[in-house]
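User: I have a structure open and would like to talk it through with you. Could you take my questions one at a time?

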Amino acid sequence: MADTVKVRFESKMMIDGKLVDGQAGTFTNINPATEEPIGEVADASKADMHRAIDAARRAFDETDWSTNRALRKRCLEQLQEAIEAEREELREELIAEAGAPRAITYGPQLDAPLADALRYPAKLIDEYPWETDLGDVLVSITGQLTSRKVWREPVGVVGAIVPWNFPFEVTINKLGQALGTGNTVVLKPAPDTPFNATRLGRLIAEKTDIPPGVVNIVTASDHLVGEELTLSPKVDLISFTGSTVVGKRIMEKGAATLKRLFLELGGKSATIVLEDAEFGLACAIGIAPCMHAGQGCANPTRLLLPRSRYDEGVAVLQNIYDNVMPGDPQDPATLCGPVISDKQRKRVLGYISKGVDEGATCLVGGPDAATGFDRGFFVRPTLFVDVDNSMTIAQEEIFGPVLSVIAFDDEEDAIRIANDSVYGLAGNVMSGSLEHSLAVARRLRAGFIGVQGAAPYGADTPFGGYKDSGVGRQNGIAGFDQYTQIKSVGYPAG
């Protein structure tokens with residue numbers, strides 16, 4: 001932790017505007033790089049969760065939060081200012097609890113979402129088409145000349161469930177759009193990374209005019225406490241980012257109350273490097289699964305190379321992976337820090353062993369490769385070549401620093417392989433021609449495509465996937481829309 005920044009971790013969660021303890025006591029937050037305790041945090045019971053749900057329901061039903069746009073905009077601006085004032089503390093917090101490499105906090109872990117995740121929805125509050133005039137028409141079923149309007153209104157109570165890999169980024173994007181549209185929220189952070197969320201609770205309570213109950217933050221070691229959000233008829237929408245397995249469970253459990261759902265789930269994204277690409281530059285994207293130890297749902301974990309230039313591309317990748325080792329996340333030069341837990345490390349190493357067992361060539365790394373650390377949940381970045389797309393390591397989401405390199409015969413074969421997945425979250429295309437890459441990108445069945453090394457990231461850009469990668473979109477107008485209901489209204493013209 002940086003010597004000049006003193007971090008005060010918030011141990012209490014927030015329910016109905018108050019910082020409170022948990023009925024289940026506390027649980028320990030562990031630093032994945034050192035395996036040392038960071039501190040204790042409130043451990044909620046199911047009863048605590050229902051108190052939070054009731055508070056959110058009252059705040060939506062009994063206050064003017066859902067209709068007072070000026071208040072909502074002011075509160076988002078206040079929260080932005082409050083987070084900015086503690087930015088460096090939050091940076092150290094994310095490094096400590098998520099194992100986030102320091103360098104990445106200057107991008108997608110902290111600075112990138114902080115730049116616009118609240119500012120964009122605050123701006124949309126003034127610009128969004130809350131009311132659309134459809135004009136006057138003679139309605140045949142009534143015989144009346146009728147004026148017609150379409151109103152956009154908030155859905156109600158949102159249950160927001162957040163993963164541990166990019167916890168602040170996901171949380172702040174969910175809060176910005178859910179609050180900007182006038183909903184109230186119960187936020188359930190992952191038990192592995194609770195402190196960034198409890199910090200937000202304290203800032204909301206102390207530094208903003210957000211009314212009690214509008215935002216509730218419930219920390220719990222028991223995942224079934226979070227499931228109460230899915231089961232409760234008082235919760236109108238679940239906004240979940242995490243694994244496809246859990247997403248399907250949420251969809252199943254939410255069916256009884258016909259929950260509205262936003263599910264941003266897993267991925268097994270492919271990068272297609274076409275024959276006319278500049279290979280040194282194009283294959284460099286293969287380092288992406290090393291970033292944050294591969295713990296990103298949109299990571300391009302399959303790299304597709306033309307058979308005619310396969311050996312050339314593999315040589316580039318081997319040179320990259322030979323020179324990437326896990327590092328201390330406090331070190332600004334580190335790209336690959338620890339995975340989040342011992343459970344996750346064992347899971348990743350199990351996939352690596354399965355890759356070897358199924359016949360892929362482990363060119364760098366491997367299940368027994370040294371990491372250089374005696375403590376911490378580190379995995380050596382691993383490069384597999386001679387991978388068939390039917391292998392487990394090419395089909396299942398590993399969520400670790402593992403790249404699978406697959407050969408293709410021609411462009412049609414590359415597109416077929418890229419689309420041969422239950423997932424459809426992201427992808428990349430690299431060629432010698434922008435026009436050519438864009439043409440291939442149109443044929444990929446995925447929701448977030450990078451072309452020529454660029455990525456369409458931002459609070460104004462819809463993010464989400466096809467197939468088993470989810471339902472709905474985070475961010476952009478599409479994301480704003482999903483937190484609203486549509487009401488059509490007709491009245492006599494004149």
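User: Where does UniProt put the "coiled-coil region"?

Analyst: Keep in mind that this is a predicted model. The feature comes from an unreviewed UniProt entry. In the model, the span it covers is 93% helix and 0% strand, with its end C-alpha atoms 38 Å apart. UniProt places the feature at residues 68-96.

User: Is Val-157 buried or exposed?

Analyst: Val-157 sits in strand 7, which runs over residues 157-161. Leaving out residues up to four places away in sequence, Val-157 touches Ala-56, Arg-57, Thr-184, Lys-234, Val-235, Asp-236 and Leu-237. Its relative accessible area is 0%, so Val-157 is buried.

User: How many Å separate the C-alpha atoms of Val-157 and Met-291?

Analyst: Along the chain, Val-157 and Met-291 are 134 residues apart. In space, their C-alpha atoms are separated by 35 Å.

User: On to the empty space. How many cavities of 30 Å³ or more are there?

Analyst: Rolling a probe the size of a water molecule over the atoms shows where empty space is left. The largest cavity comes out at about 110 Å³, and the second largest holds about 60 Å³. The count of cavities of 30 Å³ or more is two.

User: Which residues lie nearest the centre of the largest cavity?

Analyst: Helix 15 (411-419), strand 17 (423-424) and strand 18 (426-430) each give at least two residues to the lining of this cavity. By class, the lining divides into seven nonpolar, six polar and three charged residues. Of the 16 lining residues, those nearest the centre are Ala-270, Arg-302, Ala-418, Ala-426 and Ala-446.

User: And what lines the second largest cavity?

Analyst: By class, its lining has three nonpolar, six polar and two charged residues. The residues themselves are Gly-267, Lys-268, Gly-294, Gly-296, Cys-297, Asn-299, Thr-301, Glu-397, Ile-398, Phe-399 and Gly-400.

User: Which residues does the annotation "domain: Aldehyde dehydrogenase" cover?

Analyst: This label also comes from an unreviewed UniProt entry. The span is 37% helix and 21% strand, and its end C-alpha atoms lie 43 Å apart. The annotation covers residues 20-489.

User: What is the radius of gyration of the chain?

Analyst: The C-alpha trace spans about 75 × 60 × 40 Å along its principal axes, and the chain has 17 helices and 22 strands. For 494 residues, a compact globule would have a radius of gyration near 23 Å, and the chain agrees with that. The value for the chain is 24 Å.

User: What percentage of the residues in the chain is buried?

Analyst: Buried here means under 20% relative accessible area. The chain has 494 residues, and the buried share of them is 58%.

User: And what share of the contacts joins residues at least 24 apart?

Analyst: The contacts that go into this figure are those between residues at least 6 apart in sequence. Among them, the share joining residues at least 24 apart is 73%.

User: Which residue does UniProt list as "active site"?

Analyst: The residue lies in strand 11, which covers residues 260-264. At 4% relative accessibility, this residue counts as buried. Leaving out residues up to four places away in sequence, the residue touches Phe-240, Thr-241, Gly-242, Cys-297, Leu-425, Phe-463 and Ser-469. The unreviewed UniProt entry lists Glu-264.

User: Now the largest pocket. Which element gives the largest share of its lining?

Analyst: The pocket has a volume of about 1,200 Å³. Of the 39 residues that line it, Trp-164, His-223, Phe-240, Ser-243 and Val-246 are the closest to its centre. Two or more lining residues come from each of helix 9 (223-231), strand 10 (237-241), helix 10 (244-254) and helix 13 (342-357). The largest share, six residues, comes from helix 10.

User: How many charged residues are in the lining of that pocket?

Analyst: By class, the lining of the largest pocket has 18 nonpolar and 11 polar residues. The charged residues in this lining number 10.

User: Last one: which residues of helix 6 are buried?

Analyst: Helix 6 covers residues 119-127. Its buried residues are covered by elements including helix 2 (69-85), helix 5 (111-116), helix 7 (167-180) and helix 17 (476-482). The buried residues in helix 6 are Tyr-120, Pro-121, Ala-122, Leu-124 and Ile-125.

Key
Residues numbered from 1 in each chain as written. Predicted model: local features only at pLDDT ≥ 70, side-chain atom pairs only at ≥ 80, totals over all residues. Heavy atoms only, no water. UniProt positions renumbered as here; feature names shortened; annotations may be inferred. Helix = DSSP H or I, 4+ residues; strand = E, 2+ residues; numbered from the N terminus. Buried < 20%, exposed > 50% of the residue type's maximum accessible area, 1.4 Å probe, protein only. Contact = heavy atoms within 4.5 Å. 1 Å grid on protein atoms, 1.4 Å probe; cavity = no way out; pocket = protein on both sides within 12 Å on 5 of 7 lines; lining within 4 Å. Points joined across faces, edges and corners; volume = space filled by probe spheres on them. Nonpolar A, V, L, I, M, F, W, Y, C, P; charged D, E, K, R; others polar. Rg over C-alpha atoms; globule rule 2.2 N^0.38 Å.
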